[in-house]
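Work through the exercises below with the sequence and the model open. Each task is followed by a solution in steps.

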Amino acid sequence: MISLRQHAISIAAIFLALAIGVILGSQTLAADMLSGLRSDRSDLRGQVDALTARDEQLTARLDTADKFVAGAAERILGGTLADRSVVVFSTPDADPADIDGVSRSLETAGAAVTGRIALTEAFTDAGEGDRMRSALTNIVPAGAQLQTGAVDQGSMAGDLLGLTLLLDPATNQPRSTPQELALALETLRGGGFLAYRDTPVRPAQLAVVVTGNGVVSDTGQGATIARFTGAVRARAAGTVLAGRAGAAENNGAIAFVRAQAPLSTAVTTVDNADREIGRVTTALAFTEQLTGGAGRYGTTPTATSFTLVAMPR
């Protein structure tokens with residue numbers, strides 16, 4: 001007869017055997033898994049290296065294309081905007097290199113840049129809407145009237161700045177006095193809504209709004225910039241909204257313009273302003289705007305054409 005002590009020893013032996021089996025099995029499994037992981041890691045490293053090399057090749061090709069377009073810009077643009085004037089607006093997320101590049105293309109086309117005005121974070125902040133609308137209401141030029149539909153901060157600011165900063169397309173004459181223009185700009189700069197150099201900003205025929213790469217979350221900034229651009233267009237002989245690819249996606253300003261029929265048929269958009277071809281396209285787009293047309297240019301899916309040809313001079 002098996003004693004209790006022998007029974008306990010038997011059970012202990014069984015559990016010990018199981019434990020040893022589990023340990024040996026897990027070691028084998030772990031070795032197999034480590035071997036597999038090493039293989040997968042090697043494959044992934046190879047894929048990453050291949051993609052990195054391809055990215056470097058594509059970047060090099062784009063850089064080469066940029067150099068070519070920059071070298072040919074004078075021949076492409078020369079004289080297309082002769083005797084034209086443009087005011088350049090920029091949004092808070094616009095890259096300084098893009099602003100400089102667009103301005104340079106406009107000047108290469110023969111246009112006079114009459115001012116560069118930066119819209120600030122407060123300008124696009126919905127929480128500042130009431131304060132900005134109050135400021136705008138107090139600086140409307142004598143005898144002028146804002147559009148009745150311009151009630152949100154973007155539309156109202158675009159209408160007011162269009163009224164004071166842009167020449168009347170019908171007469172090519174200012175719609176405000178130098179004093180009224182100075183008051184409008186100084187009031188908005190004093191309120192923290194605009195920033196610009198101290199050199200005098202003069203009225204222009206055309207306007208370009210340079211934006212950035214879009215916003216991560218829906219802060220309303222894209223819609224505000226889009227409405228601002230549309231209101232400026234209503235007062236100008238032509239307006240172009242230029243930015244990077246991200247601005248044509250999700251809640252970006254370009255995406256908003258392209259999705260809204262009234263805006264998309266009035267404002268020309270360019271979504272590759274970080275490249276020389278986009279900057280040249282921005283300048284060329286005014287030749288289309290001056291004839292009443294509007295286009296969607298760039299490299300994103302919502303663009304309908306890569307660029308456009310220069311109109312006959």
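**Exercise 1.** In which strand is Ser 85 found? State whether Ser 85 is buried or exposed, and give the contact of its side chain.

Solution. The model is predicted, and the values here are computed from it.
- Step 1: Ser 85 belongs to strand S1.
- Step 2: Buried means under 20% relative accessible area. The relative accessibility of Ser 85 is 11%, so Ser 85 counts as buried.
- Step 3: From Ser 85, the side chain reaches the backbone nitrogen of Gln 205 at 3.0 Å.

**Exercise 2.** Describe the aromatic pairs of the structure by geometry, position in the chain and burial.

Solution. A pair of aromatic rings is described by two quantities, the distance of the centres and the angle of the planes.
- Step 1: Count the pairs. The structure holds two.
- Step 2: Take Phe 89 and Phe 228. Their ring centres are 5.2 Å apart and their planes make 85 degrees. Planes over 60 degrees apart count as edge-to-face, and this pair is edge-to-face.
- Step 3: Place the two residues. Phe 89 is in strand S1 (residues 85-90) and Phe 228 in helix H7 (residues 221-235); at 139 residues apart, the pair links distant parts of the chain.
- Step 4: Take Phe 123 and Phe 228. This pair is also edge-to-face, with 5.4 Å centre to centre and 90 degrees between the planes.
- Step 5: Place this pair. Because Phe 123 lies in helix H3 (residues 121-124) and Phe 228 in helix H7, the pair ties together parts 105 residues apart in sequence.
- Step 6: Check burial. Phe 123 has 1% relative accessibility and so counts as buried. Phe 228 is buried at 0%, and Phe 89 is buried too.
- Step 7: Combine the pairs. Phe 89, Phe 123 and Phe 228 make up one aromatic cluster.

**Exercise 3.** How many residues does helix H5 have, and how does its reach compare with the expected span? Then find the residue that caps its N-terminal end.

Solution.
- Step 1: H5 covers residues 153-165, which is 13 residues.
- Step 2: From first C-alpha to last, H5 reaches 17 Å, close to the 18 Å expected at 1.5 Å a residue.
- Step 3: The cap is Asp 152, with a side-chain oxygen 3.1 Å from the backbone nitrogen of Gly 154.
- Step 4: 13 of the 13 residues of H5 are buried, so the rest of the structure largely encloses H5.

**Exercise 4.** What is the volume of the second largest pocket, and which residues lie closest to its centre?

Solution.
- Step 1: The volume of the second largest pocket is about 180 Å³.
- Step 2: It is lined by 13 residues, and those closest to the centre are Ala 182, Leu 185, Thr 199, Pro 200 and Val 201.
- Step 3: Helix H6 (residues 178-190) gives the largest share of this lining, six residues.
- Step 4: Sorted by class, the lining has eight nonpolar, one polar and four charged residues.

**Exercise 5.** How many cavities of 30 Å³ or more are there? Describe the lining of the largest cavity.

Solution.
- Step 1: The count is one cavity of 30 Å³ or more.
- Step 2: The largest cavity holds about 50 Å³ of space.
- Step 3: Its lining residues include Asp 93, Thr 211, Gln 221, Ile 225 and Asn 251.
- Step 4: H7 supplies the largest share of the lining of the largest cavity, three residues.
- Step 5: By class, this lining has four nonpolar, six polar and one charged residues.

Conventions. Residues numbered from 1 in each chain as written. Predicted model: local features only at pLDDT ≥ 70, side-chain atom pairs only at ≥ 80, totals over all residues. Heavy atoms only, no water. Helix = DSSP H or I, 4+ residues; strand = E, 2+ residues; numbered from the N terminus. Expected span 1.5 Å × (residues − 1). Buried < 20%, exposed > 50% of the residue type's maximum accessible area, 1.4 Å probe, protein only. Polar contact = N/O pair within 3.5 Å; in protein donor to acceptor, adjacent residues only side chain to side chain. 1 Å grid on protein atoms, 1.4 Å probe; cavity = no way out; pocket = protein on both sides within 12 Å on 5 of 7 lines; lining within 4 Å. Points joined across faces, edges and corners; volume = space filled by probe spheres on them. Nonpolar A, V, L, I, M, F, W, Y, C, P; charged D, E, K, R; others polar. Phe/Tyr/Trp six-rings, centres within 6.5 Å; stacked < 30°, edge-to-face > 60°.
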